[in-house]
Amino acid sequence: PRDTVKVVISRKLPKPVEQRMSELFDVELNTNDEAFTENRLADALERADVFVSTLTDNITAELIANAGSQLKMIAQFGAGVDNIDVKAAAQKGIIVTNTPGVLTEDTADMTMALILALPRRMVQGVDALRAGEFKGWSPTYMLGHRIFGKRIGIIGMGRIGQAVARRARAFGLEVHYHNRNRVSPAIEAQFATTYWESLDQMISRMDIISVNCPATPATYHLLHERRLKLLKPHAYIVNTSRGEVIDEDALISALEAGQIAGAGLDVFQNEPEINPRLLALKNVILLPHMGSATVEARTEMGEKVIINIKNFLDGHMVPDRVLPELI
Ligand code: 8YV
């Protein structure tokens with residue numbers, strides 16, 4: 001019976017999700033919502049039949065090797081699974097699931113918000129007003145740049161990338177993309193988007209770059225120093241995916257040197273630590289990993305976790321299984 005299955009949940013989840021899980025399984029909640037230490041994580045993996053993980057759990061090959069033989073499933077609350085060694089899990093017969101789809105629109109909204117806010121200096125305006133620096137309207141005060149008619153280059157044309165493309169088009173941007181595989185002609189036509197096989201060529205021509213690909217070994221520092229140097233001096237970069245996709249030190253140097261116009265970052269290389277050099281910059285908007293932070297998305301993510309676990313326990317097809325060969 002399901003209610004004897006030990007489900008250990010690493011973080012506090014929305015109340016209705018915790019309630020439903022408690023009805024269905026023998027759950028162990030994390031009521032104080034502190035990220036698990038490595039010891040606590042190891043202990044949980046020794047006891048759980050199903051472990052509900054989040055991006056703050058670094059589930060390494062070593063931890064998986066030492067996990068108890070009862071552990072059969074790691075159900076990630078989140079779309080990205082870069083915190084989990086999915087290959088090591090598969091080798092031990094542990095299935096990994098995630099929660100794609102339900103956070104797509106909210107993450108794309110946050111991306112679009114950054115794309116609008118950066119060139120129009122919205123945060124600088126708010127800060128100036130609060131600091132009492134608004135001395136009255138002037139024809140040349142707080143001038144930013146128009147986004148209508150500009151070119152956006154989307155790196156990663158999956159669900160979120162496509163949702164960004166749809167928004168960008170509605171705002172009059174010309175949409176370009178780079179992806180490991182070219183998407184179907186139907187999708188390209190839907191967003192009137194141009195495919196660039198060469199990332200170098202694409203980024204050297206764009207006004208805005210939006211990073212929407214997952215963090216994998218292949219995308220680690222995809223935007224490295226040499227590539228960042230290809231950007232136009234008036235270009236902006238927005239990242240709502242994972243900090244690791246950009247070489248953060250190289251990005252900061254480019255921003256400090258005025259080699260690019262600005263960056264909107266919701267994710268960082270060493271979360272939750274923020275490089276102090278970033279904090280000193282004026283031409284950035286920095287957010288604390290809020291892309292999917294809506295009540296709706298987080299509740300639906302929890303519902304997906306439940307559906308994945310139920311299907312797995314009932315021996316049915318698991319909807320959001322992450323296959324190691326696809327990473
Ligand atoms: C989640 C995210 O909140 O889904 C993702 O990949 O980055 C966030 O939306 C986080 O992953 C929770 O584990």
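Here are some worked exercises on the predicted model shown above.

**Exercise 1: Reading a sheet**

Task: Find the order of the 5 strands in the open sheet, and say which are the edge strands.

Solution:
- Step 1. Following the sheet across, we meet its strands in the order β2-β1-β3-β4-β5.
- Step 2. The pairing of these strands is parallel. As background, strands of a sheet pair through backbone hydrogen bonds, and the pairing can be parallel or antiparallel.
- Step 3. An edge strand pairs on one side only, and here that holds for β2 (26-28) and β5 (95-97).
- Step 4. On average, neighbouring strands of this sheet are turned by 20° against each other, with direction ignored.

**Exercise 2: Zooming in on β4**

Task: How many bridges join β4 to β5, and which residue of β5 stands opposite I74?

Solution:
- Step 1. Locate strand β4 at residues 73-76; 3 bridges link β4 with β5.
- Step 2. Look across from I74 to β5, and you will find V96.
- Step 3. Now add a helix to the picture: α13 (residues 295-313) lies across β1 (6-9), β3 (50-53), β4 and β5. The angle between α13 and β4 is about 160°.

**Exercise 3: Two nonpolar cores**

Task: Describe the largest nonpolar core, and say which helix gives the most to it.

Solution:
- Step 1. The largest nonpolar core holds 47 residues. Those with the most contacts inside this core are I154, V164, V175, I208, I209, A235 and Y236.
- Step 2. The helix that gives the most to this core is α5 (residues 104-117), with 6 residues.
- Step 3. Take Y236 as an example: leaving out residues up to four places away in sequence, Y236 touches L118, P119, I208, A261, G262, A263 and G264.
- Step 4. Another core, of 38 residues, lies apart from the largest one, and I9, I74, L103 and V318 are among its members.

**Exercise 4: Around the ligand**

Task: Which residues surround the ligand, and how are they divided by class?

Solution:
- Step 1. The ligand is surrounded by T54, L55, F77, G78, A79, G80, L103, G291 and S292.
- Step 2. Sorted by class, this shell has 4 nonpolar residues and 5 polar ones, with no charged residues.

**Exercise 5: Backbone surprises**

Task: Where are R121 and A192 found, and are they buried or exposed?

Solution:
- Step 1. Start with a general point: most residues other than glycine have a negative phi, and most peptide bonds are trans.
- Step 2. R121 is not a glycine, yet its phi is positive, at about 55°. R121 sits in the loop between α5 and α6 (122-130).
- Step 3. R121 has 19 C-beta neighbours inside 10 Å, so R121 counts as partly exposed.
- Step 4. A192 also has a positive phi, of about 45°, without being a glycine. Its place is in the loop between α8 (185-190) and β8 (194-195).
- Step 5. A192 is exposed because 10 other C-beta atoms lie within 10 Å, and the cut-off for exposed is 12 or fewer.

**Exercise 6: A cis peptide bond**

Task: Where is P272, and what surrounds its partner E271?

Solution:
- Step 1. The peptide bond from E271 to P272 is cis, with omega near 0°.
- Step 2. P272 lies in the loop between β11 (262-265) and α12 (276-279), and E271 is found in the loop between β11 and α12.
- Step 3. E271 is partly exposed, because 13 other C-beta atoms are within 10 Å.
- Step 4. Leaving out residues up to four places away in sequence, E271 touches G243 and H289.
- Step 5. E271 and T56 are 215 residues apart along the chain, and their C-alpha atoms are separated by 9.2 Å.

Conventions:
Residues numbered from 1 in each chain as written. Predicted model: local features only at pLDDT ≥ 70, side-chain atom pairs only at ≥ 80, totals over all residues. Core = buried A, V, L, I, M, F, W, Y, C linked by C-beta atoms within 7 Å. Buried ≥ 20, exposed ≤ 12 C-beta atoms within 10 Å, placed from the backbone. Helix = DSSP H or I, 4+ residues; strand = E, 2+ residues; numbered from the N terminus. Contact = placed C-beta atoms within 7 Å. Near = placed C-beta within 6 Å. Nonpolar A, V, L, I, M, F, W, Y, C, P; charged D, E, K, R; others polar. Pairing = 2+ DSSP bridges. Axes fitted to C-alpha atoms, helices over the stretch in contact; angles between N-to-C directions.
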